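Reader: Please take one helix pair and go through its packing closely. Add how far the model can be trusted.

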Amino acid sequence: MENPSKKSKTQATHRQGDEPVAAHVHLPEEIITEIVTCLPGKSVLCFLAVSRAWHRITTDPEFLAAHARRRPLEVILRTLVKSVRPRDDWVRYNTDDIALATVMVSGDAVGPGPGPNPARRLVQYPYSINRIAPASPQGMMIDSCDGVLLFKIGRCTYVIFNPVTWQWAELPRLPEIDTRASSPPWTTKFGFYRH
Amino acid sequence: MAAPESGDGNNGAARMVTLISSDNTRFEVEAAAASLSQTLQLTILDGGGGGGDGIPLPNVDSATLSKVLEYCIKHAPAAANGGAPNATAVDRAELERFDNEFVNIDQSVLYSLIMAAHNLEIEGLQSLVAKKVADMIKGKSPMEIRRTLGFPDPTPEEQAEMNAHMLEYGWAYE
């Protein structure tokens with residue numbers, strides 16, 4: 001019994017030479033979802049525009065999470081584009097413009113072309129981020145999970161951002177807390193968790 | 001490398017099953033290969049498909065089915081090894097080469113294939129074709145994507161929505 005699996009053969013007993021004619025196959029939603037899941041974020045964005053049905057599929061949170069889990073790991077690079085000190089000296093913070101870009105972690109996954117900068121622009125803030133205090137890095141990206149980024153953009157203001165769909169959402173505000181208080185409660189930052 | 005591995009290899013002597021395509025063509029194939037399909041696996045475990053009665057597949061035509069089985073036969077040994085933890089790099093490279101060539105086919109065949117893989121629940125084949133279709137779509141504009149996927153031309157309303165989207169996310173199409 002040497003390796004019977006190699007001997008298997010497909011036999012079509014009466015083959016008809018029909019070519020498949022499937023010009024307009026209607027692909028069911030699960031298949032479309034599977035296809036879109038294989039795409040990089042930028043291409044997913046194009047799908048938003050293809051049709052209403054696809055818009056619905058590609059903005060579904062479950063889809064986005066599944067998509068993010070499938071994508072290769074990327075490093076996020078943060079660039080301080082411009083920092084402006086306001087004239088009014090009672091304003092104690094600068095206004096910063098920040099850009100984020102990503103680079104693939106795995107070297108062989110870097111995009112086509114020998115370009116010097118394989119970074120892909122991920123996000124440019126739609127508005128200026130206020131630096132809270134010298135001690136806390138300005139407009140911080142705090143965490144990321146399943147492709148969603150969490151930012152702190154004000155003392156008690158947090159936003160989440162999905163670079164694939166370009167959707168921003170502000171989280172419910174936390175109660176105003178004096179971070180210089182000598183006793184708790186203090187709220188500094190938080191991240192994602194699954195539950 | 002001469003590993004007989006006669007143990008629990010489903011029935012030792014390769015058991016054959018018969019599959020019948022929508023256009024009534026009969027395909028005889030090893031049960032181990034057909035079992036890459038989750039749907040067929042259940043029937044086969046129940047003892048179906050042997051002898052004279054085959055398993056009818058009313059949703060799959062013969063051209064598609066022979067392509068599907070080509071994939072299953074190639075992948076069956078690796079699948080039997082449980083995702084091939086002990087496969088050599090050469091084996092894996094060979095499978096990869098086969099896969100790349102396998103999906104290098106006409107678009108309409110690809111779509112029939114992915115439909116069949118979906119119906120028969122052949123996970124590996126479905127994701128292989130999905131990746132291929134994704135590669136075809138990558139970098140295309142919404143309009144080109146519609147054409148690639150055989151959508152009808154957009155209504156004026158849809159066209160307006162697409163234009164608005166292009167304006168908003170123009171950077172994504174650079």
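Author: What follows covers one helix pair, an annotated span and the confidence.

This is a predicted model, where local features need pLDDT of at least 70, side-chain atom pairs count only at pLDDT 80 or more, and totals for chains, interfaces and linings use all residues. Residues are numbered from 1 along each chain as its sequence is written, chains are lettered from A and ligands numbered from 1 in the order written, and side-chain values use heavy atoms, without hydrogens and water.

Take helix α1 (residues 29–37) and helix α4 (residues 61–70), both of chain A. Helices here are DSSP runs of H or I, at least four residues, and strands are E runs of at least two, numbered from the N terminus. The axes of α1(A) and α4(A) lie 9 Å apart, at an angle of about 40°. Axes are lines fitted to C-alpha atoms over the stretch in contact, and angles run from 0 to 180 degrees between N-to-C directions. The two helices are therefore oblique (not under 35 degrees, over 145, or 65 to 115).

From α1(A), A:Thr33, A:Glu34, A:Val36 and A:Thr37 meet A:Phe63, A:Ala66, A:His67 and A:Arg70 of α4(A). Contact means heavy atoms within 4.5 Å.

UniProt, in an unreviewed entry, places "domain: F-box" at residues 26–63 of chain A. That span is 71% helix and 0% strand. Its end C-alpha atoms are 20 Å apart.

Chain A averages a pLDDT (the predictor's confidence in each residue, from 0 to 100) of 64. Confidence is highest in α1(A), at 86, and lowest in strand β1 (residues 11–12) of chain A, at a mean of 36.

Definitions and conventions. UniProt positions are given in the numbering used here, feature names are shortened, and annotations may be inferred rather than shown by experiment.
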